[in-house]
Amino acid sequence: MTELLEVQDLKVSFGAGREAVRGVDLTVGRGETLAVVGESGCGKSLTALSLLGLEPAAAQVTGSAKLAGTELIGRGERELRRLRGTRAAMIFQDPMSSLNPTTRIGTQIAEVLAIHSPTRRSARLRQAVELMESVGITDAAARARQMPHELSGGMRQRVMISIALAGSPELLIADEPTTALDVTVQAQVLALLRERTRDTALLFITHDMGVVAEIADRVAVMYAGKVVETGTVREVLEAPRHPYTAALLRSVPDPDRPAAGELPTIPGQVPAVGAVLEGCPFRPRCDHADETCAAAPALVEGVACWHPVSRESQEVA
Ligand SMILES: Nc1ncnc2c1ncn2[C@@H]1O[C@H](COP(=O)(O)OP(=O)(O)O)[C@@H](O)[C@H]1O
Ligand code: SF4
Ligand SMILES: [Mg+2]
């Protein structure tokens, strides 16, 4: 089976020796949810942004990312704009960054609908209200006349989800969409995303292992600009093979239902962008490191480590 999204050796750099994403490989199947998890600064957002050509102007992106066979890297802005919304869409942590603060919510949704289907303005406004209802916004007709700042964070994120899905994209990329929300609202928004992306591939970025268990089919763990472990959520959360994944999960009491919240703290620091990374980047923080680790391990059978923990040796419930 060919995957919907195939990312190979994706690199994002800010000049010589300043690589923030250092060769990411990942795939997302049709209708599948892949969670990308890792500590702050490991390159999750840059990976996501570069797929849609939204990386910072100073960044150079190389490698390959194919969406149903269409190469996304190196496309011109015009082509990317056509692609965004209709084939792939993105939602961000802060919906206010994507909403126009001085335009009514209903009008903003209607403007997006206009790009996708040229109907009359009154019909589009009606459709906008229906879309708001479909993402669980009560009293949608009244809310449609409100400004973004009059809505709660959870409601705004619901609006963003409806806007992102309005063009029926094959792939939705969500970058920490629930991080700014309180726990109850976070659960509601995750449930909504799960329900509304049953047939849409979802690339879900988070630093929260609890959220991974809630939303994803598969997971890719990133460290210092690379994927260090990947597999099904069950495999990776119940029997992590990379010492970094194990460390992330260590303080989580039940791997099936990790407590939501921040990742447990791992001693040591994520290497800064531009730091000289010789050998395995996790080496300074790793309990299993030996002289072999002076050479960088490649991602082989879902793990980039010279001494991966065997899955069989771990108790799987
Ligand atoms: N515009 C930029 N200019 C220079 N460096 C950047 C820029 N944006 C991000 N970086 C660097 O890239 C690294 C990865 O960033 P990011 O992808 O946002 O991480 P994450 O989303 O995993 O927290 C950061 O540690 C930062 O140092
Ligand atoms: S390659 Fe070596 S240093 Fe890196 S995670 Fe594996 S054991 Fe640790
Ligand atoms: Mg980020």
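## A walk through the predicted model

Let us start at E6, which sits in strand β1 (residues 5-13); strands here are DSSP runs of E with at least two residues, helices are runs of H or I with at least four, and both are numbered from the N terminus. This is a predicted model, in which local features need pLDDT of at least 70, side-chain atom pairs count only at pLDDT 80 or more, and totals for chains, interfaces and linings use all residues. Residues are numbered from 1 along each chain as its sequence is written, chains are lettered from A and ligands numbered from 1 in the order in which they are written, and side-chain values use heavy atoms, with hydrogens and water left out.

E6 has a relative accessibility of 33% and therefore counts as partly exposed. On this scale, buried means under 20% relative accessible area, exposed means over 50%, and partly exposed is in between (1.4 Å probe, protein chains only). Leaving aside residues up to four places away in sequence, E6 touches L26, T27, S64, A65 and K66; contact means heavy atoms within 4.5 Å. E6 and E55 are 49 residues apart in sequence, and their C-alpha atoms are 18 Å apart in space.

**Around ligand 1**

The residues surrounding ligand 1 are F14, A20, E39, S40, G41, C42, G43, K44, S45, L46, P56 and V273, each with a heavy atom within 4 Å of the ligand. Helix α1 (residues 44-51) gives the most to this shell, with three residues. The table gives polar contacts, which are pairs of N or O atoms within 3.5 Å; within protein, one must be able to donate a hydrogen and the other to accept it, and residues adjacent in sequence count only if both atoms are side-chain atoms.

| Backbone N or O atom of | Distance to an oxygen atom of ligand 1 |
|---|---|
| G41 | 2.7 Å |
| C42 | 3.3 Å |
| K44 | 2.9 Å |

On its own, ligand 1 has 570 Å² of accessible area, and the protein covers 65% of that; such areas come from the Shrake-Rupley method with a 1.4 Å probe, and for residues only the protein chains shown count as cover.

**Helices α4 and α6**

Helix α4 (residues 121-134) has 14 residues and reaches 20 Å from its first C-alpha to its last, close to the expected 20 Å. That expectation is 1.5 Å times one less than the number of residues. Which residues of α4 are buried? They are R124, A128, V129, L131 and M132. Seen down the axis of α4, these fall within an arc of 160 degrees, so they line one face of the helix; the arc is that of the directions from the helix axis to the C-beta atoms. The buried residues of α4 pack against α3 (105-116), α5 (140-144) and α6 (153-166).

In α6, 13 of the 14 residues are buried, so the helix is largely enclosed by the rest of the structure. The end C-alpha atoms of α6 are 20 Å apart, in agreement with the expected 20 Å.

**Positive phi angles**

Most residues other than glycine have a negative phi. A68 is not a glycine, yet has a positive phi of about 45 degrees. A68 lies in the loop between β4 (60-67) and β5 (70-71), and its 33% relative accessibility makes it partly exposed. D139, also not a glycine, has a positive phi of about 55 degrees. D139 is found in the loop between α4 and α5 and, at 59% relative accessibility, counts as exposed. G136, which follows α4, has a positive phi near 80 degrees, while S168, just after α6, takes a positive phi of about 45 degrees.
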